[in-house]
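Colleague: I am new to this structure. Please give me one close look at the aromatic rings and what surrounds them.

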Amino acid sequence: MIYIIGLVAQAFFSARMFSQWILSEKTKKVVSPAIYWIFSIMGAYLLCIYGWLRDDFSIILGQFIAYYIYIWNLNEKGLWKKLHWLVRIPLFVTPVLAAAFVLKDAATFVDTFFKSDNVPLWLLLFGSAGQVIFTLRFVYQWYYSHKLGESVLPVGFWVISLAGSSIITLYGIIRHDPILILGQSTGFFVYSRNIFIYRKQLKNKTVNDYPHNVR
């Protein structure tokens, strides 16, 4: 049952990647479609539950950091406020309630997540570092989009994705976690392809902007 939750979560994340990639290939430029953020919030919600059931702090940490950035992007797309308040409120407060529950008994939390016999401390720190790097892509994406005034997925987002995903994949291999290995390894192609599309898009823009009457 735990693996099923993880697989469904990763299915949402894979769906967001491939839908974004297909739409980018179709338009011949890197796009930030609304469906990407819809799948993101659904996958993050389930993966937090998966990480909790697996006693894996690094998974939870990665999802909690990006969770509200997903909501911000949904709001920028004009979709967040269209959801019924009975849906918005649980989605919005669940991470806060979960964090409050953890802080209520910090000693138990530390014993469960940081002193687990299943995950050595060095491995936990390694996995957490990968999750932080991987999640920083959304912090970067939010900052870039906020300055631009619209939701976009810049090239730096994909470069950070490659770096963080590589660490998490290695972490998953060491932990023998098929969910992490499958979820992260499938993203390598999409991340690389978006970088290629962005460079090609930039090259075409440079060519088009160059004055043709210069001799």
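Modeller: One term comes up throughout: a residue is buried under 20% relative accessible area, exposed over 50%, and partly exposed in between, with a 1.4 Å probe and protein chains only. The model is predicted, so local features need pLDDT of at least 70 and side-chain atom pairs count only at pLDDT 80 or more, while totals for chains, interfaces and linings use all residues. Residues are numbered from 1 along each chain as its sequence is written, and side-chain values use heavy atoms, with hydrogens and water left out.

Now the rings. The structure holds 15 aromatic pairs (Phe, Tyr or Trp rings, the six-membered one for Trp, with centres within 6.5 Å; planes under 30 degrees apart are stacked, over 60 edge-to-face, the rest tilted). Take W21 and F189. Their ring centres lie 5.2 Å apart. Their planes stand at 85 degrees, so this pair is edge-to-face. W21 belongs to helix α1, residues 2–27, and F189 to helix α9, residues 187–209 (helices are DSSP runs of H or I, at least four residues, numbered from the N terminus). The pair therefore ties together parts that are 168 residues apart in sequence. F189 is partly exposed, because its relative accessibility is 47%.

Next come Y36 and W37. Here the centres are 4.9 Å apart and the planes meet at 80 degrees, so this pair too is edge-to-face. Y36 has a relative accessible area of 1% and is therefore buried. W37 is at 0%, so W37 counts as buried.

Y36 and W37 also have wider company. They form one aromatic cluster with Y70, F134, F138, F157, W158 and Y191. One ring in this cluster meets a charge. The charged end of R137 sits over the ring of F134, 3.8 Å from its centre (the CZ of Arg or NZ of Lys must be within 6 Å of the ring centre and within 35 degrees of the ring normal).

Last, look beside Y36. S19 is found in helix α1. Its relative accessibility is 17%, so S19 counts as buried. Between S19 and Y36 there are 7.0 Å in space, C-alpha to C-alpha, although they are 17 residues apart in sequence. What does S19 touch, leaving aside its neighbours within four places in sequence? S19 is in contact with I35 and F39 (heavy atoms within 4.5 Å).

To recap, helix α1 holds W21 and also S19. W21 pairs with F189, and S19 lies 7.0 Å from Y36, C-alpha to C-alpha.

Definitions and conventions: Helix = DSSP H or I, 4+ residues; strand = E, 2+ residues; numbered from the N terminus.
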